[in-house]
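Let's take a quick walk through a small piece of a protein fold. Have the model open alongside and follow the strands as they come up.

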Amino acid sequence: MGVFKRDGAAESASSKPTSHSVASTEIVSNDASRGGVYLFAICMFCVGFLVVFLATMAFMSPLTVALGVVAGFLLACTLRVAPHWERAVILRLGKFHRLGGPGVYLCIPFVDHVTVHVDLRIRTASFSAEAALTADLVPVDVDAILFWMVWDPKKACFEVENYPKAVLRSAQTAMRDVIGQLNLADVSMRRKQIDHELEEALGEKCEQWGITVMSVEIRDIMIPPELQNALSKEAQAERERNARLLLAEVEKDISEMFVEAADVYARNPNAMKLRAMNLAYEGAKDSRGFVLAPSGLANAFDVHP
């Protein structure tokens, strides 16, 4: 977990303000501390040591100190504590015995053994699939983030050797499989579908390990630079083609309107004269009242009923 903090470029009191400022995003660590667990173990050691030391103070000798150290060590190993979000997998003589925690739990020294502390909170892990081939044989680098959690500490401990590494390796393999089924154009347009397919594929595999995959989110898709230039040229050509098609359609519509107007003028000569009067008005308005026109244009003002 983290708190996002926005920091600008460092400026001194005497420095002049610049026209460009650089802002960066930093993640301030806010991880939960296990210091209380270690402090509790130290306190148990001190209690055991003091009890034995005070009980044998009358027979002060190096053996008294040694007995105190042994007593403190045994008490610290017997009485343990686990944070609320952790479970301790306890083995007794090599076999699974029980889960310890949260809170205080007991272990028999040299008989019980805590093999691993399992965190039950939702975890985030970033992973990438480098040079993953698409269906049209284009290598792409995909960067994604995985949200997952352990719901069964016993299975997570015994079903797989290193469950965090196994989850990441499975995520990378699933990412390559999904990318390999899509063309390059589909990879960028179907991110949500890829996330859903990855979540289903990882969920089926990790369920048997006592792990639940909450979600998978693709953060970035990177293609080779030379292919980026080719795709940019292709996009520009496609836009130019669309612009030319649109211009041709507009010209076609205008030409059809001109043909319809010519039919109207041919059927009714007075319409043509009214158009000529309109043109004369527009010309006079733009030239501040002075119109230079051929003599034939004056005939347009001679309208007969």
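What follows is a short tour of one sheet in this predicted model.

## The sheet as a whole

Start with the overall layout: three strands make up an open sheet, in the order E5-E4-E7, and the pairing is antiparallel. Strand E5 (95–100) and strand E7 (112–119) sit at the edges; each has a single partner strand, so one side of each is left without a neighbour in the sheet. As for twist, neighbouring strands here are turned by 25° against each other on average, ignoring direction.

## The strand in the middle

Now for E4, which covers residues 86–92. Is this strand enclosed or open to the outside? Six of its seven residues are buried, so E4 is largely enclosed by the rest of the structure.

## E4 with E7

On one flank, E4 runs antiparallel to E7, and seven bridges join the two. To find your way along this pairing, look for Glu86, whose bridge partner in E7 is Asp119. Then check Arg87, which stands opposite Val118 of E7.

## E4 with E5

How many bridges hold E4 and E5 together? There are five, again in the antiparallel sense. One spot to zoom in on is Leu91, which has Phe96 in E5 as its bridge partner.

These two strands also form a hairpin, with two residues between them. Take a look at Leu93 in that turn: its phi is positive, at about 55°.

Methods
Residues are numbered from 1 along each chain as its sequence is written. This is a predicted model: local features need pLDDT of at least 70, side-chain atom pairs count only at pLDDT 80 or more; totals for chains, interfaces and linings use all residues. Side-chain values use heavy atoms; hydrogens and water are left out. Two strands pair if DSSP finds at least two bridges between them. Helices (H or I, at least four residues) and strands (E, at least two) are DSSP runs, numbered from the N terminus. Axes are lines fitted to C-alpha atoms, for helices over the stretch in contact, and angles run from 0 to 180 degrees between N-to-C directions. Buried means under 20% relative accessible area, exposed over 50%, partly exposed in between (1.4 Å probe, protein chains only).
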